[in-house]
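Okay, everyone, thanks for coming. I'll put the structure up and then talk through cavities, a couple of helices and some aromatic rings.

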Amino acid sequence: MNCTKYLIVFSSILFLCLSTLSGPAWAVEKHTASITVDLQNEKAPVPAGLYGIFMEEISHAFDGGLYGELIQNRSFEEGVLPPGMKLVKKEDGGFKMELESLPAGVRKDKWPMPWPWSMNCNWNPDRKLLGWSLHDHGNTGSKMKLTEANPMNTASALSLELTVANTEKSTAQVSLANSGYWGINVQEGNSYRLKFYLRPGTFQGRITAVLENKDGKDLATTSFGPISPSTKWKKYTATLKATRSDPKANFVLTFEGKGTLQLDWVSLFPPTFKNRPNGLRMDLAKYLEELKPNFVRYPGGCYVQGLSWESAPDWRKMVCSPEERPGMWGYWKYRSTDGFGYHEFLEFSEDIKADAMYVSFAGMTVHPENNMPLDKIGPVIEQTLDAIEYAIGPVDSKWGGVRANMGHPGPFPLKYIEIGNEHPPAIYGDYYKKFRSAIKAKYPEMVVIMSMYWSGLNQKAIDRAGDDNIDIIDEHAYKGADWIRSNFDYFDKYPRKPWKVYVGEYASHSSNGNLLAAMGDSVYLMMMERNGDMVTMASYAPLFSNVNQKNWGVNLIEFDSSRSFAHASYYVQKAFNENRPDVNLAVTTGVYPRPNPEKPLFAGKFGLGSWDTKTEFKELKIYDKNGKLVFSDDFKTLENWSKPIAGQWEVQDGVLKQNQLHASPAMLLLDAMDLKTGKVTVKARRTDGREGFLLFFNTVDINRFLFCNYGAAGNKFSAIQARGNPEGCSFRSGSTKNTIEDNRWYDLTLVLEKNKAKMYLDDKVVSDAGGDYLPSFFTSAGYGRQGKSQYVVLKATNYYPHAVTANVKLDGAKWISKTGRHIVIKSEKLTDQNTLDNPYKIVPVEKPLINCSKDFTVTLEPYSVNILRVPVIK
């Protein structure tokens, strides 16, 4: 018996193993670029208001994020079902929400909430006391429950009823704790403003408020009392000064005495942005202020649509004291306090010197069949008109007077109104037209934006509204990070109509927001700048995400209770905005050598593997494109293979075995040769586990490879898939539903052509894939003035894994400074990204640009976004 074994686990040496892997066919080449900018050939203007931000309550962006409140579920309303919804028991015993009613004429089979909105309708009855816990030390028999009796006000229907048993014994202590939003960040020396409301009932005694660490040690404390029995609600306030720090502290109320009381609206604020009492978390607000956005879009997004008519956000319930705001169940599966409400949005826009864009409820919910009849939409339109009056109306108007009572007699910078969000029905065009007509009649200067669907134009809705009745359309663009590389002319081909384009939600998706995503965003921004005659506004989405509850995969800024970081895409937008030219200039770019059309796109390392499955392989054969056998392995030894990336591998009696059940993935790479084109055949069987077999090809590293996945997604289908798109080309594929059985030998075949791949299972095609060459070097150029100075801005994104030497020619300049600025955003790998533990891995680095002239040379580093700014006189 010949038995050879390899065992390796994921560790720091993994990346050392991968450092020698071959990349795509062009990776070993060196490239040069020729860039000519014609200063006398001006193109489209670049709008001054192009760059903005979009704020939505998703992934705890506001509550537990930007909004400074530290207490979660402060008014005990978390378990209140949204109006217009009912609970339905599911087959698994859980609960989900459904609409109580639908408009007349909607068929019963349309009643359930359709995908993808149905994913946000699950309901957990145990969330009622989310964040709160009762600690009865000494087993006094104290207990708590929610009650609707004696409400504090009409906005807060529920309060917490706490029965405190006798605590006179020395060992007895009754306390109520709140964990905040995954911890409360307490910093030594900071003051924390506490407020809560109490109806003492029969309680008599004292209450102590404490910020404490996980070991129960006090960080700050204050006491209230003696408290006497009473049936009236009373507000209690105090300031807690922290003597020590803890990023994951708890807030605790300890009760000494006896009796039954009611507690409501427990609030704790740290120091806030602009020192506002109902203010914002400083580090997160600073990120936005430093972006210098020209506008702020709020509040949605899907959030603005509501699950039902009744649960759509109503700004009128947000222009009062926070205690009087009922809050609402948001689309993203949790309740919003609306503490960061309409007033705070307008106030923040003013604070950061940005125009405000309010997105109004259009009478159309996320359920595509649940739309208010058009002839009954009048009250909703009136609600939108009142929102405008609140923002800019005179103080002697109804809602202008409310604004003045909120402490802001002057108008807010409201400039835009958007009607709804992502409504697919064509009839949305009629709704938009009716809203716009009413708004323009009263506020002719207001810009009224028409929302599109997830991607591209809703042409049927546009046709119903009419081109001449549209100010701006809002297109949303969530794309794979490499999409833009083959669609750099997307807006060049856009129809020029009377209306302009606002890209209200965009993001290039790769991992959680890595360098590849940021590079995709840079090219997308170049494209929008270049089409500034039509694309006048853009905002990234989503803006914020608490790492403890991510409702969306890729976000601009992430945080926990005490830390935060911005992804590389944030720094790309910031740098592009800070270096926005006034007008585009004609630019001609050539990259050499040009791509060889005959080189195979999917070439690279070949390998075998599995995912959480024990597998066996035998009789491996590789043929070239002419059908000639060029390699075979009888698996007597492992001499033809590199050390495995992961898994436990051995050869025994001519069979290659992978014996580690939980390896995701197990990977063994062929060292004897690279796979370019041709055919691979191998027999395989599963001995244990939940999936099937993997054939790797075009392997660059553990984060970038293509693979034939037999029995994917828990043994449901087979497909050619990608972990990270192959470098230098696009990727697309299909799949076939099937399953892999235990202890059965299967014939696996992979056929590779120049830009195609086919995957066979027992001689039947189960997936095919294709790709196209992707450009790897992009440029745009513009001219601007800043005061008396003039400058040229050249933006260049280099996808190559090596530096590009660029020869830059500035034609048509009377004078060119010898020095300029070179801003670079880069990292060693496309998969690199910022994290909480390494927040500044990818940030802009500025270095001097020397020897500038009408004809000069600059080196553009691998995997980099570059901004060259050179003072000139035209």
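**Cavities, helices and rings**

Let me start with the lining of the second largest cavity: nine nonpolar residues, five polar and one charged. One thing before I go on: what you're looking at is a predicted model. That second largest cavity has a volume of about 70 Å³. It has 15 lining residues, and W117, Q305, V366, E422 and P424 are the ones closest to its centre.

How many cavities of 30 Å³ or more does a search of the whole structure find? Six. The largest cavity comes out at about 180 Å³. Its lining is made up of 18 residues, with N73, S75, R335, S336 and T337 nearest the centre. If you sort that lining by class, you get five nonpolar, seven polar and six charged residues. So that's one charged residue in the lining of the second largest cavity, and six in the lining of the largest.

Okay, helices. Have a look at α4, residues 342-351. This helix is mostly covered, with nine of its 10 residues buried. Going along α4, the buried ones are Y342, H343, E344, F345, L346, E347, F348, S349 and D351. And what do they pack against? Two of the partners are helices, α3 (282-291) and α5 (378-392), and then there are the strands β17 (295-298), β20 (355-360) and β21 (414-419). Just past the end of α4, K353 has a positive phi, about 60 degrees.

Since α3 is one of those partners, let's turn to that helix. The buried residues here include L284, A285, Y287, L288 and L291. They sit on the same side of α3, because the arc they cover around the axis is only 150 degrees. The general background is that an α-helix has 3.6 residues a turn, so residues three or four places apart point the same way. And just after α3 there's another positive phi to look at: K292, at about 55 degrees.

Now the rings. There are 46 aromatic pairs in the structure. One of them takes us back to α4: Y342 and F345 make a tilted pair, 6.1 Å centre to centre with 35 degrees between the planes. Those two are three residues apart in α4, so about one helical turn separates them. Are they buried or exposed? Y342 has a relative accessible area of 0%, so it counts as buried, and F345 is buried as well, also at 0%.

For another geometry, try Y490 and F491: the ring centres are 5.0 Å apart and the planes are at 70 degrees, so this pair is edge-to-face. Y490 and F491 are both buried.

Y342 and F345 also belong to an aromatic cluster, together with F62, Y298, W315, F340, Y358, Y390 and W399.

Last stop, R580. Where is this arginine found? In the loop between α10 (568-578) and β29 (583-592). The relative accessible area of R580 is 16%, and the cut-off for buried is under 20%, so R580 counts as buried. Which residues is R580 in contact with, leaving aside its neighbours within four places in sequence? The list is V46, P47, A48, Y51, E529, Y791 and K795.

That's my tour, thanks.

How values were computed:
Residues numbered from 1 in each chain as written. Predicted model: local features only at pLDDT ≥ 70, side-chain atom pairs only at ≥ 80, totals over all residues. Heavy atoms only, no water. 1 Å grid on protein atoms, 1.4 Å probe; cavity = no way out; pocket = protein on both sides within 12 Å on 5 of 7 lines; lining within 4 Å. Points joined across faces, edges and corners; volume = space filled by probe spheres on them. Nonpolar A, V, L, I, M, F, W, Y, C, P; charged D, E, K, R; others polar. Helix = DSSP H or I, 4+ residues; strand = E, 2+ residues; numbered from the N terminus. Buried < 20%, exposed > 50% of the residue type's maximum accessible area, 1.4 Å probe, protein only. Contact = heavy atoms within 4.5 Å. Arc of directions from axis to C-beta. Phe/Tyr/Trp six-rings, centres within 6.5 Å; stacked < 30°, edge-to-face > 60°.
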